[in-house]
Amino acid sequence: MTRPAPVLVNAENRAKEFKHFHIPTRRRRESVRADDLAEVVFDGEGKEEERAWLKVVKVHKDSEGVVYLGVATKDSKFTDDCEKGMSVEFGPEHILAIMLR
């Protein structure tokens, strides 16, 4: 049985909505490379949201821009959307923070 893709919070929209919610610049979020860590938020869809770090394993571009494939670095505590080692596709708009490797 295939698990549905997790829903991620759009960090850009969150930063516009809340004045004190700061994220890296779009340019910086578009320059993430393989082996960097990117922090995202899994939308709890009615449950609690949860932040998680994804290790970037692949970077490519499509017609809409940069697309990342990341692997979860830990199991989720609050949602069923994130298990350690699972693959998650995301874009720069989902990135809250970046840790360089």
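**Salt bridges and a five-stranded sheet**

Hi everyone, let me begin with one contact: Arg14 and Glu49 form a salt bridge through their side chains, with 3.0 Å from N to O. By salt bridge I mean a side-chain nitrogen of Lys or Arg within 4 Å of a carboxyl oxygen of Asp or Glu. This pair links distant parts of the chain, 35 residues apart: Arg14 belongs to helix 1, while Glu49 sits in the loop between strand 1 (37-42) and strand 2 (50-62). Helices (H or I, at least four residues) and strands (E, at least two) are DSSP runs, numbered from the N terminus.

A word on where this comes from. This is a predicted model, in which local features need pLDDT of at least 70 and side-chain atom pairs count only at pLDDT 80 or more, while totals for chains, interfaces and linings use all residues. Residues are numbered from 1 along each chain as its sequence is written, and side-chain values use heavy atoms, with hydrogens and water left out.

Back to Glu49: is this residue buried or exposed, or somewhere in between? Glu49 is partly exposed, at a relative accessible area of 33%. For these words, buried is under 20% relative accessible area, exposed is over 50%, and partly exposed is in between, using a 1.4 Å probe and protein chains only.

How many salt bridges does the structure hold? The count is seven. Another one of them pairs Glu12 with Arg26, and their closest N and O atoms are 2.4 Å apart. Here too, distant parts of the chain are linked: Glu12 is in helix 1 (residues 11-17) and Arg26 in helix 2 (residues 26-29), 14 residues apart. Glu12 counts as buried at 19% relative accessibility, whereas Arg26 is partly exposed at 32%.

The third one I'd like to show you joins Lys74 to Glu50, with 3.1 Å between the closest N and O atoms. Lys74 lies in the loop between strand 3 (65-72) and strand 4 (87-90), and Glu50 is in strand 2, so the pair links distant parts of the chain, 24 residues apart. Glu50 is buried at 7% relative accessibility, while Lys74, at 31%, is partly exposed.

And which residues are joined into one network by salt bridges that share partners? Those are Glu12, Arg26, Arg29 and Glu30.

Now, on to the sheet. Five strands form an open sheet in the order 4-3-2-1-5, with antiparallel pairing. Two strands count as paired if DSSP finds at least two bridges between them. Strand 4 and strand 5 (97-99) stand at the edges, each with a single partner strand, so each has one side without a neighbour in the sheet. On average, neighbouring strands of this sheet are turned by 40° against each other, direction ignored. The axes behind that angle are lines fitted to C-alpha atoms, for helices over the stretch in contact, and angles run from 0 to 180 degrees between N-to-C directions.

Let's walk through the pairings. Strand 1 and strand 2 run antiparallel and are joined by six bridges. Phe42 has Glu50 of strand 2 opposite it, and Glu50 is the residue that bridges to Lys74. Strand 2 and strand 3 are also antiparallel, over eight bridges, and they make a hairpin with two residues between them. Along that pairing, Lys55 has Val71 of strand 3 as its bridge partner, and Lys61 has Val66.

While we are in strand 3, have a look at Val67. Val67 is buried, at a relative accessible area of 9%. Not counting residues up to four places away in sequence, Val67 touches Lys58, Val59, His60, Asp62, Glu89 and Phe90. Contact here means heavy atoms within 4.5 Å.

Two loop residues to finish. His94 is in the loop between strand 4 and strand 5, and it is buried at 15% relative accessibility. Leaving aside neighbours within four places in sequence, the contacts of His94 are Leu8, Val9, Asn10, Ala11, Glu39 and Val40.

Then there is Asp35, in the loop between helix 2 and strand 1. What is special about its phi? Phi of Asp35 is near 85°, a positive value in a residue other than glycine. Most residues other than glycine have a negative phi. Asp35 itself is partly exposed, at 40% relative accessibility.

That's my tour, thanks for listening!
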